[in-house]
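This report concerns the aromatic rings and the charged surface of one protein chain. Please keep the sequence and the model in view while reading.

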Amino acid sequence: MSKTKYVASNGLAFSEKADMKMLRRNALMGWQLKRFRFAGYELEKGESEDVIFSIDYRQLELDEKDEYFEMFAYAGWTHVCSDYNMHIFKANKGTTPIYSDTESSKEKIVRSAIPVQTIVIYSVAVTFALWLTKTFTYGIVHTISTWAFALSFAITIPSIMTLVATYYHRLKKINKRSWE
């Protein structure tokens, strides 16, 4: 039996809660989160744990990491893994959630949208430039730019959808707050 396995993410921008629940179910079966992998997670076989997971989005400088992780440890959360600006923590069931109020949840969504916005801006710009190139060129340049445009378009559409999902979640938090 393999000591590691890969599980796909549902897309953190679309269903973060579902991913955290999936990680919890795996931990109950003895599959512990080891690290992020492309579009998913690498799990390692170990002891069964009844833990909950949460994710925080924050770009950290090297000198901020220790203080940042200590703050979570003080609240009962253990750092599991990080990738770029995403940090996953685990805690015993019943631990106070990392984001227990609407305002901090909204700030988390805003922070998670920053890298997505950057990707969307660049991918839209590249896609537009490639569209112009394929429209106004002939021969081999036209053929290459047509294929490059198709690839760029295939990257741009999911990027835009992800950004829309982050805006949707932000709007949902704002509306929830206005009803409280």
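## Two rings and their surroundings

Are F72 and F89 buried or exposed? In this predicted model, F72 is buried, and F89 is buried as well.

## Aromatic pairs

A pair of aromatic rings is described by the distance of the centres and the angle of the planes. The structure contains 8 aromatic pairs. One of them joins Y68 and F89: the centres are 6.0 Å apart and the planes meet at 65 degrees, an edge-to-face arrangement. Y68 belongs to helix α2 and F89 to strand β6 (residues 86–92), so this pair links distant parts of the chain, 21 residues apart. Y68 and F89 are both buried.

F89 also pairs with F72. The ring centres of F72 and F89 lie 4.1 Å apart with their planes at 20 degrees, and therefore the pair is stacked. Because F72 is in helix α2 and F89 is in strand β6, this pair ties together parts that are 17 residues apart in sequence.

A single aromatic cluster is made up of Y68, F69, F72 and F89.

## A negative surface patch

Helix α2 (residues 65–74) also contains D66. With a relative accessible area of 59%, D66 lies above the 50% cut-off, and it is therefore exposed. D66 is one of the residues of a negative surface patch, whose members are E61, D63, E64, D66, E67 and E70.

## Summary of helix α2

Helix α2 holds the exposed residue D66. Helix α2 also holds Y68 and F72, and these two residues are buried.

Technical notes. Residues numbered from 1 in each chain as written. Predicted model: local features only at pLDDT ≥ 70, side-chain atom pairs only at ≥ 80, totals over all residues. Heavy atoms only, no water. Patch = residues over 30% accessible without salt bridge, like charges linked within 9 Å, V, L, I, M, F, W, Y side chains within 5 Å. Areas by Shrake-Rupley, 256 points an atom, 1.4 Å probe, with all protein chains shown as cover. Salt bridge = Lys/Arg side-chain N within 4 Å of Asp/Glu carboxyl O. Lys, Arg positive; Asp, Glu negative; His and termini not counted. Charge placed at Lys NZ, Arg CZ, Asp CG, Glu CD. Helix = DSSP H or I, 4+ residues; strand = E, 2+ residues; numbered from the N terminus. Buried < 20%, exposed > 50% of the residue type's maximum accessible area, 1.4 Å probe, protein only. Phe/Tyr/Trp six-rings, centres within 6.5 Å; stacked < 30°, edge-to-face > 60°.
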